[in-house]
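This briefing follows charged side chains that pair up with one another. Please keep the sequence and the structure in view while reading.

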Amino acid sequence: MTKLIAPSILSADFSRIGEAVELAERAGADLIHVDIMDGHFVPNLTLGPQLVADIRKLTRLPIDVHLMVDNPRALVPLFHEAGADWISLHVEATAHLHKDVTMIKELGRKAGVALNPATPIQSLQEILGEADFILLMTVNPGWGGQSFIPSCLDKIRALKAWIRRDKLEVPVQVDGGIKLDNAEDIFRAGMDIAVAGSAIFAAPDPAEVIREMKRIAARSAADKDHLT
Ligand code: DX5
Ligand code: ZN
């Protein structure tokens with residue numbers, strides 16, 4: 001499976017988000033990851049559908065909306081309308097996961113199921129075959145710039161082993177604390193899509209970080225010795 005890089009604009013300068021998106025596309029990013037926080041599911045507040053609609057005009061890359069909100073179902077139509085291509089929601093935030101995933105798929109968008117670090121992968125049992133991708137949080141959601149939680153590496157391995165065992169194609173997106181110095185280990189554990197915010201946008205040369213992450217991704221995908 002091709003390994004992808006999804007820069008998270010959460011760590012970009014919010015007064016110049018358009019420039020960050022254009023830079024990411026020029027540097028070879030595969031997706032633009034947009035973090036939506038509602039001040040309830042997570043303590044922070046971020047962006048809304050208007051911003052997604054404006055970014056939509058600037059880039060041809062798929063826009064990957066990560067809903068860290070309670071009652072995500074209520075917001076899915078707004079982000080669909082705004083032009084989101086991938087939409088993920090948290091198992092912890094909805095009592096009707098199957099219904100919500102089905103709604104996203106019926107809208108013709110890719111449906112992702114996200115888990116917080118302490119939520120076991122077993123909670124995916126009845127949805128793994130339905131989801132278009134799984135998002136494993138490797139920090140507690142709410143802010144960029146936190147450190148990768150080391151125990152999550154085994155969680156990524158376990159999920160990937162399960163996906164392989166069941167001969168599924170569902171990609172594993174990993175979000176939180178991914179830097180140039182740990183990306184290779186995380187890819188080797190089974191990550192297919194790396195979300196990275198501060199590693200890119202807090203760096204002096206964000207484009208070079210994206211290019212280097214792409215090189216690491218390509219190397220990890222090409223290495224026949226690793227397990228994924
Ligand atoms: C955190 C968000 C992440 C965040 C990652 O709650 O879901 O997407 O932008 O930022 P870094 O890469 O700085 O951990
Ligand atoms: Zn995110």
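Arg211 counts as partly exposed, with a relative accessibility of 36%, and its side chain meets that of Glu208 in a salt bridge at 3.1 Å, N to O. The model is predicted, and it holds 15 salt bridges, among them the ones described below.

**Within one helix**
- Glu208 and Arg211 both belong to helix H8, which covers residues 206–222, and they sit three residues apart, about one turn of the helix.
- Glu208 is, at 30% relative accessibility, partly exposed.
- In addition, salt bridges with shared partners connect Glu184, Arg188, Arg219 and Asp223 into one network.

**Between helix H4 and the loop before helix H3**
- A salt bridge of 2.9 Å, N to O, joins the side chains of Asp100 and Arg73.
- This pair links distant parts of the chain, 27 residues apart, since Asp100 lies in helix H4 (residues 97–106) and Arg73 in the loop between strand S3 (63–68) and helix H3 (76–82).
- Asp100 is buried, because its relative accessible area of 1% falls under the 20% cut-off, whereas Arg73 is partly exposed at 28%.

**Between helix H4 and the loop before strand S6**
- The side chains of Glu130 and Lys105 also form a salt bridge, at 3.9 Å, N to O.
- Here too distant parts of the chain are linked, with Lys105 in helix H4 and Glu130, 25 residues apart from it, in the loop between strand S5 (110–115) and strand S6 (133–137).
- Glu130 is partly exposed at 34% relative accessibility, and Lys105 is likewise partly exposed at 34%.

Definitions and conventions: Residues are numbered from 1 along each chain as its sequence is written. Chains are lettered from A and ligands numbered from 1 in the order in which they are written. This is a predicted model: local features need pLDDT of at least 70, side-chain atom pairs count only at pLDDT 80 or more; totals for chains, interfaces and linings use all residues. Side-chain values use heavy atoms; hydrogens and water are left out. A salt bridge is a side-chain nitrogen of Lys or Arg within 4 Å of a carboxyl oxygen of Asp or Glu. Helices (H or I, at least four residues) and strands (E, at least two) are DSSP runs, numbered from the N terminus. Buried means under 20% relative accessible area, exposed over 50%, partly exposed in between (1.4 Å probe, protein chains only).
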